[in-house]
Amino acid sequence: MKIIVFGGDGFCGWPIALRLSNSGHDIIVIDNLSRRRIDRELGVESLTPIADITERLAAWQRVSGKTITFHNIDLAQDYDGLRATLAELAPDAVVHFAEQRAAPYSMRNAAGKRYTVDNNINATHNLLVALVDLDLDTHLVHLGTMGVYGYDGDGLEIPEGYLDVAVTDEAGQSYQRSILYPTRPGSVYHLTKSMDQLLFQFYAQNDRLRITDLHQGIVWGTQTEETERDEALVNRFDYDGDYGTVLNRFLVEGVNGYPLTVHGSGGQTRAFINIRDTVRCVALALENPPQRGERVRIINQLAETLSVRTVAELVAAVTGAELANVDNPRKEAESNSLRASNRTFRTLGLNPILLKDGVMREALEIVQRYKDRFDPKVVPARSLWTRENRPGIVPGY
Ligand code: NAD
Ligand code: USQ
């Protein structure tokens with residue numbers, strides 16, 4: 001297939017572009033390199049030294065003999081450039097990762113909130129409009145998030161996107177409906193993923209676009225079979241207070257003798273998936289497209305659910321680090337349970353990596369290798385969800 005990977009310079013997009021290229025697909029990466037710009041804005045760097053995109057692509061050609069082409073296009077701002085590129089390439093499928101994906105960054109201040117909404121909603125909508133305008137029958141695979149469901153956790157197993165409900169009206173008449181699972185986002189970033197869902201629902205219904213939305217949990221790990229093949233192919237590893245996700249942050253903190261920054265009591269339960277399974281799942285989604293006219297196919301992309309405290313204890317057990325229960329900068333339930341179905345991917349053959357499988361050692365190895373790049377100054381989470389949290393401690397508030 002000819003596949004465009006939007007956001008293909010990022011943490012999930014880069015290893016997926018390599019895997020799909022390695023499998024023989026014709027891959028085009030489109031990215032505006034905004035993540036590299038945001039790193040500079042925040043004064044942070046990936047723990048792993050990521051090569052620039054030109055070097056990355058040259059290294060891939062060297063080790064694999066395969067060519068990935070690159071276009072620097074801003075999906076949110078440059079509709080004409082996006083449309084012209086789609087018209088020229090007429091891809092069989094596109095994978096859409098090109099959004100601002102950090103909840104803390106989206107809650108930092110007014111600028112972070114506005115940028116996240118403008119960027120994410122325009123990027124998704126421009127892509128949908130261009131596919132319709134060009135009358136392309138391209139399969140769109142989007143990376144959504146488990147966070148759209150909220151974390152109410154009263155024991156109900158969260159289904160894959162849709163809720164089957166029975167309603168009885170005042171006349172006593174009963175009706176069955178299958179509705180989008182009501183969203184309950186916990187940050188402006190998660191809110192944009194909830195809004196994306198409505199855009200997808202509309203364009204699947206109105207224009208019969210073929211769309212798969214993958215509701216992914218928190219990704220951990222760094223390397224995949226392809227990114228390991230050359231130093232210049234190394235994947236990014238964020239551990240700063242905005243972009244670092246919890247398990248990767250704990251791994252870096254633990255190896256560097258820094259107490260594990262558990263927010264509050266650590267009773268928050270979340271969904272997790274290793275980057276190697278992210279890559280497998282996206283490939284499976286591409287191999288199993290919906291039919292034209294089918295409703296949006298929503299698939300939960302997670303391996304397991306664990307509490308933050310459990311994750312911290314697992315990391316502490318292998319690194320000897322202490323747990324620090326820091327004040328929670330976010331507005332979220334202190335404790336919740338979470339069960340979510342991952343039936344579709346299991347049925348398609350996924351046997352996911354679990355934290356207890358020992359791969360954490362492999363993740364620790366990479367953290368150890370780049371230990372000298374660790375900067376403790378970027379670890380504290382400085383983005384507050386509400387002004388009331390701790391007024392005055394964050395510069396600019
Ligand atoms: P990332 O920030 O590493 O990568 C996103 C890429 O998209 C970056 O390279 C960035 O430059 C690019 N981009 C952003 N806006 C763009 C625009 N307007 N035009 C062109 N390119 C643009 O993020 P990631 O961790 O790889 O996440 C990728 C996707 O997966 C996101 O949509 C995210 O919401 C979703 N996701 C990530 C995780 C996780 O734990 N990392 C979990 C669940 C879902
Ligand atoms: N947390 C800590 N200590 C830390 C960092 C985080 O206790 O040092 C806690 C947070 O308070 C939260 C949980 O860990 O309760 C998860 O935080 P996170 O930053 O790892 O994940 P989140 O903000 O939810 O976002 C990440 C990705 C996002 C993706 C989402 C999947 O950045 O792109 O959509 O995971 S999910 O959480 O399933 O919605």
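Let's start with Ala90. It counts as exposed, because there are just 11 C-beta neighbours inside 10 Å, and the cut-off for exposed is 12 or fewer. Keep in mind that this is a predicted model. You'll find Ala90 in the loop between helix H4, residues 79-89, and strand E4. What is the phi of Ala90? It's near 40°, a positive value in a residue other than glycine. As a reminder, most residues other than glycine have a negative phi.

Leu33 is another one of these. Its phi is positive, about 60°, and Leu33 is not a glycine either. This residue lies in the loop between strand E2, residues 26-30, and helix H2. Leu33 counts as partly exposed, because it has 14 C-beta neighbours inside 10 Å.

Leu33 also takes us to Asp9, since Asp9 touches Leu33, along with Trp14, Val29, Asp31, Arg35 and Ile53, if you don't count residues up to four places away in sequence. Asp9 sits in the loop between E1 and helix H1, which covers 13-22. So, is Asp9 buried or exposed? Buried: it has 26 other C-beta atoms within 10 Å, and the cut-off for buried is 20 or more. For a sense of distance, Asp9 and Val188 are 179 residues apart in sequence and 23 Å apart in space, C-alpha to C-alpha.

Okay, on to the sheets. Seven strands form an open sheet with parallel pairing, and the order is E3-E2-E1-E4-E5-E9-E13. At the edges you have E3, residues 69-71, and E13, residues 297-301; each has a single partner strand, so one side of each is left without a neighbour in the sheet. From one strand to the next, the twist averages 20°.

If you want to look at one pair in that sheet, take E5, residues 139-145, and E9, residues 210-216. Those two pair in the parallel sense over seven bridges. Which residue of E9 is the bridge partner of Val141? That's Thr212. Then there's helix H9, residues 275-287, which lies across E1, E4, E5, E9 and E13 and runs at about 160° to E9.

There's another sheet, with three strands. This one is open too, in the order E10-E12-E14, and here the pairing is mixed. E10 and E14, the latter being 304-307, are the edge strands, and each pairs on one side only. Neighbouring strands in this three-stranded sheet are turned by 45° against each other on average, direction ignored. E10 and E12 pair in the parallel sense, over three bridges, and Trp220 stands opposite Asn274 in E12. Helix H10, residues 308-319, packs on this sheet, touching E12 and E14, and its direction makes about 85° with that of E14.

Now the inside. How many residues are in the largest nonpolar core? There are 91, and those with the most contacts inside it are Ile3, Val5, Phe6, Ala17 and Val95. Take Ala17: leaving aside neighbours within four places in sequence, it's in contact with Val5, Gly8, Ile27, Val29 and Ile68. There's also a second, separate core of eight residues, and that one includes Met107, Val188, Leu191 and Tyr243.

Last topic, the ligands. Around ligand 1 there are 27 residues, and the ones that come nearest are Gly7, Gly10, Cys12, Leu143 and Val219. The elements that give two or more residues to this shell are helix H2, helix H6, strand E5 and strand E10. By class, the shell around ligand 1 has eleven nonpolar, ten polar and six charged residues.

Ligand 2 is surrounded by 22 residues, and the closest are Thr145, Met146, Gly147, Val246 and His263. Which elements give two or more residues to that shell? Helix H8, which is 246-255, strand E11, which is 260-263, and strand E12, which is 269-274. The largest share comes from E11, with three residues. By class, the shell around ligand 2 divides into nine nonpolar, eight polar and five charged residues.

One more residue before I stop: Tyr115, which has its place in helix H6. Tyr115 counts as partly exposed, because it has 19 C-beta neighbours inside 10 Å, and buried would need 20 or more. Tyr115 and Asn351 are 236 residues apart in sequence and 37 Å apart in space, C-alpha to C-alpha.

Note on methods. Residues are numbered from 1 along each chain as its sequence is written. Chains are lettered from A and ligands numbered from 1 in the order in which they are written. This is a predicted model: local features need pLDDT of at least 70, side-chain atom pairs count only at pLDDT 80 or more; totals for chains, interfaces and linings use all residues. A residue is near a molecule or strand if its C-beta atom, placed from the backbone, lies within 6 Å of it. Helices (H or I, at least four residues) and strands (E, at least two) are DSSP runs, numbered from the N terminus. Ala, Val, Leu, Ile, Met, Phe, Trp, Tyr, Cys and Pro count as nonpolar, Asp, Glu, Lys and Arg as charged, and the others, Gly among them, as polar. Two strands pair if DSSP finds at least two bridges between them. Axes are lines fitted to C-alpha atoms, for helices over the stretch in contact, and angles run from 0 to 180 degrees between N-to-C directions. Two residues are in contact if their C-beta atoms, placed from the backbone, lie within 7 Å. A nonpolar core is a set of buried Ala, Val, Leu, Ile, Met, Phe, Trp, Tyr and Cys residues joined through C-beta atoms within 7 Å.
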